[in-house]
Amino acid sequence: MKKRLFSLVLTAAMSASLLAGCSSSAQQGAAGGSTSGETTAAANGAPAKEGKTIKVGVIGPLTGGSAIYGEGAQNAITMAAEEINLSDSEYKIEIVNGGKVVDDASDAKQAINAYNSLLKESPDAVVGSFFSSVTLPIAEQATKDNMLLLATGATNKDVTLKGTTIFRDCFIDPYQGKMAAQFAKEKGWKKAAIIYAKDDDYSNGLKDAFIENAKVAGIEVVYTGECTTKDTDFSSQTSQVVAKGADFLFYPAFLDTVPLLVGAARDAGFDGAIMGGDGWDGADTKGFEDKFSNCYFTNHYSSEDTAPAVTNFVSKYTEKYGKESLNACAALYYDAIYMLAEAAKNGGASDTSSLVKGMTGMTFTGVGGTFTLDKNGDPEKSVAINTFDNGKVKWLMTLSPEGTKN
């Protein structure tokens, strides 16, 4: 995702309805504790052997409208590091910067400053960030520095194309568009309308992928309407959706305008399905609860997933930190720490070059299920399909590339 500010007409309330955990044996059997600085590498008297510590720098949004994501990231990396360091893992984790995430404030310039500050501590790898707009410049610099960067929520397809030391544990924007079309096909919807933000790369990427895959799926796109990320009035576009006879509306945009679009569509008389991507995560439905019936969005996983790995993560996280920050960001950062431990094992050492070797082509079982990183360092993974019940997010199903999974 790329960074978007909350609309002035909405509050900054964030939903904590999504998330899940890892399913490796180390993750499922690990215990909790508290972590910072050197204690991260030797939690509760479990010191790492010499040369067996992975020094990790972490970047994320800790201030501004997206601070709830950074809070989830901080909690998740702390919990993951503690679990690994208390397990029988050959490699232990040290989070540099005193165990703390460095704030990028969802700003590209500050993100580079955050990255440079971490490099002074000689990390073996850097994790982050969550938004594509700030991760892209970090990826460019990390490539020049030959530093391993493991991006979390940055779904822009160009992130991992910056270099061979760049990886991610989230799916990419075109993949979300593809899976949205697959979901529409499985539900039997035949006539799709699209409204997208023409000034936003994220929205354009999902829109293009949906159109391409809708054609293959036998879905007719009867209307394509434009808006901008600043718009608050969608009455003109939604009236066209109704006029064109669509039974499905795809709105790939960020959470701040989602309630306004959904409200406008329902007020225009559209009672068909409305769907978006992971940018809907955390949308404030207050005052629009009844209008979100028959609405859906793709996400990296759901906290309501009944898989043992998910319930394990959610149980531990909520016990330690509560539910407010239990969002997609938290689980992606959690997985990232475990992926680095796995990369060290695969590569045979904890230095950067060994981690890159171990990460390349990795097959990993974690929060998002089991996936293999492709030649670009991207995973093709199952997606959670979420819906709404009286305005509250509910997990509907998990959709794999091969089809529906309950």
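Colleague: Which residue caps the N-terminal end of α6?

Modeller: Asp 200 does, with a side-chain oxygen 3.2 Å from the backbone nitrogen of Tyr 202. The general idea is the polar contact: a pair of N or O atoms within 3.5 Å, where within protein one must be able to donate a hydrogen and the other to accept it, and where residues adjacent in sequence count only if both atoms are side-chain atoms. This is a predicted model, in which local features need pLDDT of at least 70 and side-chain atom pairs count only at pLDDT 80 or more, while totals for chains, interfaces and linings use all residues. Residues are numbered from 1 along each chain as its sequence is written, and side-chain values use heavy atoms, with hydrogens and water left out.

Colleague: How is a helix such as α6 delimited, and what span should its 16 residues have?

Modeller: Helices (H or I, at least four residues) and strands (E, at least two) are DSSP runs, numbered from the N terminus. The expected span of a helix is 1.5 Å times one less than its number of residues. For α6, residues 201-216, that gives 22 Å, and the end C-alpha atoms are 23 Å apart, which agrees. Just after α6, Gly 218 has a positive phi of about 80°.

Colleague: Which residues of α6 are buried?

Modeller: Buried means under 20% relative accessible area, exposed over 50%, and partly exposed in between (1.4 Å probe, protein chains only). An α-helix has 3.6 residues a turn, so residues three or four places apart point the same way. In α6 the buried residues are Tyr 202, Ser 203, Leu 206, Lys 207, Ala 209, Phe 210 and Ala 214. Their cover includes α5 (173-187), β7 (191-197), β8 (220-227) and β9 (248-250), where contact means heavy atoms within 4.5 Å.

Colleague: Where does the charged end of Lys 207 sit?

Modeller: A charge sits over a ring if NZ of Lys or CZ of Arg is within 6 Å of the ring centre and within 35 degrees of the ring normal. The charged end of Lys 207 is over the ring of Tyr 196, 4.3 Å from its centre.

Colleague: How many of the 20 residues of α10 are buried?

Modeller: The count is 17, so α10 is largely enclosed by the rest of the structure. Helix α10 covers residues 328-347, and its end C-alpha atoms are 28 Å apart, in agreement with the expected 28 Å. Gly 348, just after α10, takes a positive phi of about 85°.

Colleague: What does Thr 352 touch?

Modeller: Leaving out residues up to four places away in sequence, Thr 352 touches Pro 123, Asp 124, Asn 146, Met 147 and Leu 148. Thr 352 lies in helix α11 (residues 352-359) and counts as buried, at 15% relative accessibility.

Colleague: How many salt bridges does the structure have?

Modeller: A salt bridge is a side-chain nitrogen of Lys or Arg within 4 Å of a carboxyl oxygen of Asp or Glu. A search of the whole structure finds 10. One of them joins Lys 52 and Glu 90, with the closest N and O atoms 2.6 Å apart. Lys 52 is in the loop between α1 (25-29) and β1 (53-60), and Glu 90 in the loop between α2 (67-86) and β2 (92-95), so the pair ties together parts that are 38 residues apart in sequence. Glu 90 is partly exposed, at 46% relative accessibility.

Colleague: Which salt bridge partner does Glu 304 have?

Modeller: Glu 304 meets Lys 394, at 3.7 Å from N to O. Glu 304 lies in the loop between β11 (295-299) and α9 (308-321) and Lys 394 in strand β15 (residues 392-400), so the pair connects parts 90 residues apart in sequence. Glu 304 is partly exposed at 31%, and Lys 394 is partly exposed at 33%.

Colleague: How many aromatic pairs does the structure hold?

Modeller: A pair of aromatic rings is described by the distance of the centres and the angle of the planes. Rings of Phe, Tyr and Trp (its six-membered ring) pair if their centres lie within 6.5 Å; planes under 30 degrees apart count as stacked, over 60 as edge-to-face and the rest as tilted. The structure holds 22 such pairs. Trp 280 and Phe 292 form an edge-to-face pair, 6.4 Å centre to centre with 80° between the planes. Both Trp 280 and Phe 292 are buried. Trp 280 also forms a tilted pair with Phe 297, at 6.3 Å and 35°.

Colleague: Which residues form one aromatic cluster?

Modeller: The members are Phe 183, Trp 189, Phe 210, Phe 248, Phe 250 and Tyr 296. Phe 210 is also one of the buried residues of α6.
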